[in-house]
Amino acid sequence: MKRKAAEEEQETQVDFKATLVVSKCKCPTGEDESPSKVSPLLPLSDDLMEHVLKFITDHKDRNTVSLVCKAWNALEASGRQRVFVGNCYAVSAQRVAQRFPRLKSLSLKGKPRFADFDLVPRNWGAFVLPWINVLSESHPFLEELRLKRMTLADDCLELIASAFPQLKALVLTSCDGFSTDGLASIAANCRHLRHLELTENILNHKSGAWLRAFPVSCTSLVSLDFEDLDHDDIDFEALEGLISQCNNLRTLKLNRAVSLLQLQLLLAKCPQLIELGTGSFSPGVSREEQAKLGDCFGKCSQLRTLSGFWVVAPGHLSVIHPLCSNLVSLNLSYSPICDGELSDLVSQCPKIQKLWLMDTVEDKGLEAVALSCKELRDLRVYPDHTRQGQGVSEEGFIHIAEGCPNLRAILYFCNQMTNAAVDVMARNCTDLESFRLCIMEPAKPDHTTNAPMDEGFGAIVRHCKALRRLSLSGWLTDKAFEYIGQHAKKLERLSVAFAGESDVGLQHVLRGCLSLKKLEIRDSPFGDMALLSGLHRYESMRSLWMSSCSVTITGCQWLAHHKPRLNVEVIQKRDKDNSTLVDSVYVYRSVAGHRGDRPSFVMAL
Amino acid sequence: MSRSLYARGCPSVFPDPISIPALICPVLPFESPAVERDYMGIGLGVKDEKASSSTASFSAAALMPTSADDLCGSHLKLAPPSSSADDDGGADGADDDEPLSGNIGWPPISSYRKATTRSLSTKEPCPSRDTIGMATLVHPQGHLIDDQEFDASQADLSNDECSSRMINPSPKVPTRKSLHIKVSMDGTPIMRKLDLETIQGYRHLSLELHKLFKFYKRNLSCEVGAHSSFKESGDADFLLTYKDKDGDWMLVGNTPWELFARTARRLRIMKKVK
C-alpha cells in the first residue's frame with residue numbers, strides 16, 4: 001500500500017486529471033484485473049485522499065477535484081484553506097463559511113470592472129460588512145483577507161481588527177468607503193500583521209496619524225504598501241521606528257509625503273528590501289547628496305522592483321542606476337519623464353520584465369526600450385492626462401513589437417494606430433496573453449488607410465494562441481468579432497467599447513469564444529438579439545456587463561425569465577421619456593439568488 | 001446554437017405569449033423600438049464646443065433598423081466615421097482633464113489614476129520644467145539651459161520663485177485672472193482661444209498650439225521663434241507671429257516670455273513662404 005500511495009501522489013501531482021478519470025473510488029468492480037496486480041481502481045481511503053489533496057493548491061484544480069463525486073467534494077471542502085470568490089454576489093457568505101470550515105484566506109471581488117471608469121453609480125453595492133459579520137462568528141482564525149473593488153467603512157475595518165486576532169494579511173485594491181482611521185485600528189490591533197497592502201483605493205479622508213497606531217513592539221511586517229494614501233502629513237519618526245524594527249521587511253511602498261532624503265534614511269535601515277516604492281522623488285538635492293543616494297541605493301542589492309516616483313526632481317533619476325542591472329520591474333507610470341531620461345535608464349536594465357510608463361516618453365523612448373529590454377514581458381504606456389505632448393503612436397508600437405519578442409502583456413494608450421503595426425506585433429510576439437490597445441479617439445480608423453481596425457485585431461487573435469485577455473478600440477465592424485469568435489479560443493476576458501455594427505458581431509463572440517468568462521461592453525450597437533444569443537453561455541461565465549447599448553428592458557426580462565439561475569440587474573434612468581432602452585445590464589450567475597442590498601436605481605429581474 | 005437560428009434574425013424558439021405574464025413582457029414576439037441613436041462621434045463630430053452631455057446628438061450617421069422584417073432584431077447599421085468629422089471642436093487649452101467631453105470613463109483610465117495624475121501636476125515644484133520631460137530645461141527667460149547652469153540656478157529656482165508662477169494647488173481657484181487671446185491659423189477658418197496665463201514658456205506654447213490645431217495629425221510643424229517645435233525641423237511649414245499692444249505684427253520668440261505674455265494681444269500662425 002505504501003508503494004501505491006507514493007505512486008498515487010506522484011500521479012496526482014503530474015496529471016491528476018487523468019487519475020481522476022481512471023480512479024472510480026466507489027466502484028472498483030467491473031474490471032477484469034487479476035487480484036495479484038495492484039489495481040488503480042481500488043477505493044482511496046479518506047485519510048489518503050486528504051493527504052494527497054494537501055498538495056493540490058491551485059483553485060481551478062481543487063474546483064475540479066470537488067466535482068468528481070460527493071465524497072471528494074466533502075473531503076476537498078473540509079481541507080480547503082484558500083478560497084477565491086470572483087463575484088461576491090455569486091454565493092452567500094453563510095454558504096462559504098459552512099462549506100469551508102478550515103478557511104484561512106479569502107479573496108473577494110465586488111463591483112464590475114467598469115466601476116473603475118465611473119460607469120457604475122456610487123453605492124452600487126459590494127459591501128464587505130455582511131461577509132465579515134458571518135466570518136467573525138464562524139472563522140475567528142482567519143488569516144488573510146484580499147478585497148478588490150468592494151466598499152467597506154471604518155467600522156468594518158474595526159470589526160476585522162477585533163474579530164480576527166490572527167490576521168496576517170490585509171490587501172485592499174480599488175476599494176472605497178474607508179479612511180485612515182480604519183487603518184489605524186488594523187495597525188493597532190492585529191499583532192501578527194505581516195502584509196498590509198493598499199493599492200488604488202479611494203479613501204474618504206486621510207491623515208498621517210495612522211502610522212503611529214502600530215504598536216511599539218511590532219516586528220512582524222513583511223510588506224507595507226501605502227502608496228495610494230496621499231496624505232501630506234506623515235509621522236516620519238513613527239515610520240522610521242517601525243521600519244527599523246521590522247527586520248523581515250521585504251516590500252515597502254511609500255506615499256508622496258516621503259521626500260528623497262527621508263527615503264535615504266529609511267533605506268539605510270532596511271537594505272534587505274526586494275520591492276520599493278520610492279516616495280515622491282523630490283525635492284532635488286545637491287550633487288553630493290545625489291552621490292550619497294546612489295551609494296545607498298547600491299547597497300540594496302536585493303532590490304528587484306521599483307515604483308512610486310511621484311514627482312521626479314529633474315536629473316535625479318540617475319541615482320537608481322546602480323540598481324538597474326538587477327531590476328525586474330519598474331513602474332514609472334506616474335512620472336512624466338522624457339525619452340532621454342528613459343533611454344539613460346533602460347539602457348542599464350537588461351533584465352527588466354515589467355515596465356510601466358507614461359506616454360511622455362514618446363516613440364523615441366519606446367525605441368530605447370526595445371533596444372535594451374529584450375526580456376520585457378509586461379509593458380504599459382499610460383497617457384499623460386494633460387495631453388500636451390504628442391504621446392505615442394504606431395511607430396513606438398512597432399519598435400516594441402520588433403524588439404521585445406517575449407512580450408506577454410501589453411496595455412497601450414495611443415492617439416493613432418495602423419493595422420500594419422498591430423500585425424507586426426501579432427507576428428512577433430506570439431506569446432501574448434493580454435492585449436489591450438486603446439486608441440483614444442472612439443471608433444477611430446487606421447489613420448493611414450482609413451480602414452477599420454478589423455485586420456489588426458484579427459491578426460492578434462490568429463497568431464497569439466495563448467491570448468486570454470483582449471481590449472478593443474478603434475473603428476471595428478462585425479468582421480473583427482467574427483475573427484475573435486473564430487480564433488480566440490482561449491479568450492477569457494473581453495472588453496468592447498464603441499465597436500461593432502450589428503447584433504451579429506456579438507453573436508460571433510458568444511458562439512465562438514468558449515472560454516469566455518468576463519465580457520464587458522459599452523457604447524456598442526448590440527441589442528436584445530445579441531444579448532439573448534448568449535442564453536446558453538452566461539451560466540458558464542462569471543459576468544456580462546453591457547452599458548449604453550441597444551438592449552431593451554423586454555430583452556432583459558426575457559433573459560431573466562428563461563434563466564432563473566442568472567441574476568439580471570438593470571439600471572435605467574428614470575428621466576428617459578418612454579424609452580425602453582436600459583442604461584446598463586449586468587448579468588451574472590449566482591447560487592445566492594438576487595442580492596438584498598440593491599440600491600433603488602438597480603432593478604433585479 | 002446553430003447559425004440558422006439567427007440567420008433571419010429571429011430564433012424559432014420564442015415562447016408563446018401565454019408563458020410569460022403580460023405584466024413583465026407585454027408584447028411578444030417583441031419589437032425593438034425604432035432607435036435613432038448616435039453614440040459615435042463624440043470625439044469626431046462635436047462641432048459645438050459647448051456640447052457636454054453624454055447623450056448629445058451628433059453629426060454622425062443616424063442609426064435606424066434596416067427593414068421591417070426584422071421583428072426581433074435591432075440590426076443597427078453603423079456608418080464609418082466621415083472624414084469631415086475629423087475637424088471636431090476639440091478641447092480648449094483649459095479643458096485638459098476631459099479630453100473627449102461628454103464621454104464618461106473614456107479613455108479607460110481608472111478614476112484613481114486620473115485623480116492622482118491631476119493632483120500631481122498641480123504640485124509640480126519647478127515651473128520651468130517642461131511637462132513632457134526634463135531633458136531640455138527652459139530658463140524662465142526663455143533660453144535653454146544646460147546641466148551646469150541648472151545646478152547653479154537650482155538655488156535660484158527656489159520654491160519662492162516657483163510658487164509665484166505655480167498653478168495654485170486647488171484648481172478651482174485661479175491665482176491670476178486668465179488672459180485669453182485669439183489664435184488664428186492660415187488655412188483654418190476656425191479661430192481658437194488660448195489662455196496665456198496657464199502657459200509657462202515658449203516650448204509649452206508650441207506644444208499647446210500643436211495640440212489645439214492638431215498638427216500631429218496633419219504632419220505639420222510650426223516654428224516658435226528660436227525654439228522650434230518638438231519636431232525640430234528648420235524648415236517648418238508655419239511661423240508664429242503675434243500682434244502686440246501697439247498693433248504691430250512681430251515674430252514670436254525674440255522677447256522674454258514674461259514680456260511676451262504681457263504684450264501679446266493676438267496670435268497668428270502664418271504659412272511660411274518658401
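Trainee: How much surface does chain B expose, and what share do carbon and sulfur atoms supply?

Mentor: This is a predicted model, and in it chain B exposes about 14,500 Å². Carbon and sulfur atoms supply 54% of that area. For chain A the accessible surface comes to about 23,300 Å², with 50% belonging to carbon and sulfur atoms.

Trainee: What part of each chain is buried?

Mentor: In chain A, 59% of the 605 residues are buried. In chain B, buried residues make up 43% of 274. To be counted, a residue must have under 20% relative accessible area.

Trainee: What secondary structure do the chains have?

Mentor: Chain A has 20 helices and 21 strands. Chain B has seven helices and nine strands.

Trainee: What share of the contacts in chain A joins residues at least 24 apart?

Mentor: The share is 69%, taken among contacts between residues at least 6 apart in sequence. The corresponding value for chain B is 52%.

Trainee: Why is D225(A) called buried?

Mentor: The limit is under 20% relative accessible area. D225(A) has 7%, so it counts as buried. D225(A) lies in strand β6 of chain A, residues 223-225.

Trainee: What does D225(A) touch?

Mentor: Leaving aside residues up to four places away in sequence, D225(A) touches L196(A), E197(A), L198(A), T199(A) and K253(A). A contact needs heavy atoms within 4.5 Å. T251(A) is 26 residues from D225(A) in sequence, and their C-alpha atoms are 7.2 Å apart.

Trainee: What makes the approach of the D225(A) side chain to E227(A) a polar contact?

Mentor: The side chain of D225(A) reaches the backbone nitrogen of E227(A) at 3.1 Å. The cut-off for a pair of N or O atoms is within 3.5 Å, so the distance passes.

Trainee: How many aromatic pairs does a search of the whole structure find?

Mentor: It finds 19 over all chains. One of the pairs is Y586(A) with Y588(A), whose planes stand at 45 degrees.

Trainee: Why is that pair of Y586(A) and Y588(A) called tilted?

Mentor: Ring centres must lie within 6.5 Å to pair; planes under 30 degrees apart are stacked and over 60 are edge-to-face. Here the centres are 5.1 Å apart and the angle is 45 degrees, so the pair is tilted. Y586(A) and Y588(A) are both buried. They belong to one aromatic cluster with Y89(A), W124(A) and W545(A).

Trainee: What makes R595(A) count as lying over the face of W124(A)?

Mentor: The distance part of the test asks for CZ of Arg within 6 Å of the ring centre. R595(A) is at 4.1 Å and lies over the face of W124(A). R462(A) lies over the face of Y483(A) at 5.1 Å from the ring centre.

Trainee: How do you know that helix α16 of chain A is largely enclosed by the rest of the structure?

Mentor: Seven of its 10 residues, in the run 454-463, are buried, so the helix is described that way. The buried ones are D454(A), G456(A), F457(A), G458(A), A459(A), I460(A) and V461(A). They pack against α15, β14, β15 and α17 of chain A.

Trainee: Why do β3 and β4 of chain B count as paired strands?

Mentor: A pair needs at least two bridges. Five bridges join β3(B), residues 180-185, to β4(B), residues 188-195, so the requirement is met. The two strands run antiparallel, and M185(B) stands opposite T188(B). In this hairpin two residues separate the strands, and G187(B) takes a positive phi near 100 degrees.

Trainee: What makes R149(A) and D118(A) worth listing for phi?

Mentor: Most residues other than glycine have a negative phi. R149(A) has a positive phi of about 55 degrees, and D118(A) has one near 60 degrees. R149(A) is in the loop between β3 and α7 of chain A, while D118(A) is in the loop between β2 and α6 of chain A.

Trainee: Are R149(A) and D118(A) buried or partly exposed?

Mentor: R149(A) has 10% relative accessible area, which is under 20%, so it is buried. D118(A) has 44%, between the 20% and 50% limits, so it is partly exposed.

Trainee: Which form, cis or trans, does the peptide bond from W106(B) to P107(B) take?

Mentor: It is cis, with omega near -5 degrees. Most peptide bonds are trans. P107(B) is found in the loop between α1 and α2 of chain B.

Terms used. Residues numbered from 1 in each chain as written. Chains lettered and ligands numbered in written order. Predicted model: local features only at pLDDT ≥ 70, side-chain atom pairs only at ≥ 80, totals over all residues. Heavy atoms only, no water. Helix = DSSP H or I, 4+ residues; strand = E, 2+ residues; numbered from the N terminus. Buried < 20%, exposed > 50% of the residue type's maximum accessible area, 1.4 Å probe, protein only. Areas by Shrake-Rupley, 256 points an atom, 1.4 Å probe, with all protein chains shown as cover. Polar contact = N/O pair within 3.5 Å; in protein donor to acceptor, adjacent residues only side chain to side chain. Phe/Tyr/Trp six-rings, centres within 6.5 Å; stacked < 30°, edge-to-face > 60°. Lys NZ or Arg CZ within 6 Å of the ring centre and 35° of its normal.
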